[in-house]
Each structure stands twice: as structure tokens, then as C-alpha cells.
Amino acid sequence: MKNPSASPRLGGDFDSLIEIQPRIVAREMYEVADRVIYDDVFANDCYRVTDLPQEIETVVDVGAHIGYFAVRMHTRFPGARFVCVEANPANIEALEANVGHFAEVVTVPCAYYPRASVLSTVFDGTENTGGS
């Protein structure tokens with residue numbers, strides 16, 4: 001039985017998403033994990049966004065998950081250009097819902113690694129809930 005205090009579902013194209021804050025969604029299937037990540041990024045400032053310099057022109061978020069880091073950065077640097085790169089198809093719907101109004105979303109099966117290498121990172125059916 002679904003928790004009666006759970007967040008409302010969104011309509012339209014985002015039936016699997018729930019709004020947890022105004023204009024910020026989580027994936028219904030991973031609501032608990034997504035809320036933990038949200039709290040890490042916003043309440044706990046785990047990326048120390050408040051300590052960053054005053055001027056940032058471009059933010060590239062590789063492994064953007066569902067966009068909480070980009071949303072947080074956008075609140076601090078609303079004039080910056082944002083590019084969010086995500087490989088896992090299971091995260092794209094929420095990522096676009098969270099950042100599509102201010103960021104370019106790039107969806108490619110890739111990963112960042114500090115040197116040239118062959119990596120196999122995303123497989124159909126994986127359940128990546130992210131992490132911060």
C-alpha cells in the first residue's frame with residue numbers, strides 16, 4: 001500500500017515522477033533514495049556550492065543523474081550556461097524535468113575517466129539511483 005503522505009504524482013509526460021519541491025521532481029520508484037540525495041545536495045551542501053567563487057560562466061555536470069547538483073548550482077549561478085550529461089536512460093525523464101528549462105541535456109552512453117580507456121558503464125535494465 002502506498003504511503004498516504006507521499007508526494008503527489010505529476011501528470012502529463014512525467015507519470016513516473018513526483019514533485020518533491022516546486023519544479024523539482026524525484027522518480028517515484030526511487031523516491032526515498034532521491035530524497036536522500038536531494039537533502040545531501042541542498043540541505044547539507046555536500047558539494048560546498050556556497051564556497052565557490054562569485055563568477056562561474058559554464059557548468060558541465062557529467063553523470064548528472066536526475067539533476068539535483070545542476071539545480072543547486074543554478075540557484076547560485078543563474079546566469080551560467082549549463083550542460084548536463086547523463087548515460088543512464090532511466091534517469092533522463094527526471095533530469096529533463098528538473099533542468100530542461102535552463103540546461104542543455106546530453107544523453108549519451110559515456111563516462112568520464114581521467115585517461116583514455118575502454119569502459120563499459122551502462123547496461124539495459126540497470127538501476128542506478130545515483131549518490132552524492
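## Aromatic pairs

The count of aromatic pairs in this predicted model comes to four. One of them joins Tyr38 and Tyr68. Their ring centres are 5.6 Å apart and their planes stand at 85°, so the pair is edge-to-face. Angles over 60 degrees fall in that class. The two rings come from distant parts of the chain: Tyr38 sits in helix 1 and Tyr68 in helix 2, 30 residues apart. Tyr38 is buried at 14% relative accessibility. Tyr68 is buried too, at 2%.

Phe82 and Phe102 make another edge-to-face pair, with 5.2 Å from centre to centre and 85° between the planes. Phe82 lies in strand 4, while Phe102 lies in the loop between helix 3 and strand 5, so this pair ties together parts that are 20 residues apart in sequence. Phe82 is buried, with a relative accessible area of 2%. Phe102 also counts as buried, at 17%. A cluster forms as well: Tyr38, Phe42 and Tyr68 belong to one aromatic cluster.

## Chain layout

The chain contains three helices and five strands. Read from the N terminus, the order is β-β-α-β-α-β-α-β. Of the 132 residues in the chain, 33% are buried. Among contacts with a separation of 6 or more, 49% join residues 24 or more positions apart.

The accessible surface of the chain is about 8000 Å². Carbon and sulfur atoms own 53% of that surface.

## The nonpolar core

Nonpolar side chains tend to be buried together in soluble globular proteins. Here, the largest nonpolar core has 26 residues. Those with the most contacts inside this core are Ile20, Tyr68, Phe82, Cys84, Val99 and Phe102. Several elements each supply at least two core residues: strand 1 (17-21), strand 2 (24-27), helix 1, helix 2 (68-76), strand 4 and helix 3 (89-99). Helix 2 gives the largest share, four residues.

Which residues of helix 2 are buried? They are Tyr68, Ala70, Val71, Arg72 and Met73. The buried residues of this helix pack against strand 1, strand 2, helix 1, strand 3 (58-62), strand 4 and helix 3.

## Tyr68 up close

Tyr68 appears in several of these pictures. Tyr68 is among the core residues with the most contacts inside the core, and it belongs to the aromatic cluster with Tyr38 and Phe42. What does Tyr68 touch, not counting residues up to four places away in sequence? Its partners from strand 2 and its surroundings include Ile24, Val25 and Ala26. Tyr68 also touches Ile20, Asp34, Ile37, Tyr38, Val41, Phe42 and Asn98.

## Salt bridges

Side chains of opposite charge can pair when their charged atoms come close. The whole structure holds four salt bridges. Glu31 and Arg35 form one of them, with 2.9 Å from N to O. Why are these two about one helical turn apart? Both lie in helix 1 (residues 31-42), and they are four residues apart there. An α-helix has 3.6 residues a turn, so residues three or four places apart point the same way. Glu31 is buried, with a relative accessible area of 13%. Arg35 is partly exposed, at 30%.

Asp51 and Arg48 form another salt bridge, at 2.8 Å from N to O. Arg48 is exposed, with a relative accessible area of 55%. Glu104 and Arg81 also meet in a salt bridge, at 3.2 Å from N to O. Glu104 is in strand 5 (residues 103-107) and Arg81 in strand 4 (residues 81-86), so the bridge ties together parts that are 23 residues apart in sequence. Glu104 is partly exposed at 41% relative accessible area. Arg81 is partly exposed too, at 48%.

Definitions and conventions:
Residues numbered from 1 in each chain as written. Predicted model: local features only at pLDDT ≥ 70, side-chain atom pairs only at ≥ 80, totals over all residues. Heavy atoms only, no water. Salt bridge = Lys/Arg side-chain N within 4 Å of Asp/Glu carboxyl O. Buried < 20%, exposed > 50% of the residue type's maximum accessible area, 1.4 Å probe, protein only. Core = buried A, V, L, I, M, F, W, Y, C linked by side-chain atoms within 4.5 Å. Contact = heavy atoms within 4.5 Å. Phe/Tyr/Trp six-rings, centres within 6.5 Å; stacked < 30°, edge-to-face > 60°. Areas by Shrake-Rupley, 256 points an atom, 1.4 Å probe, with all protein chains shown as cover.
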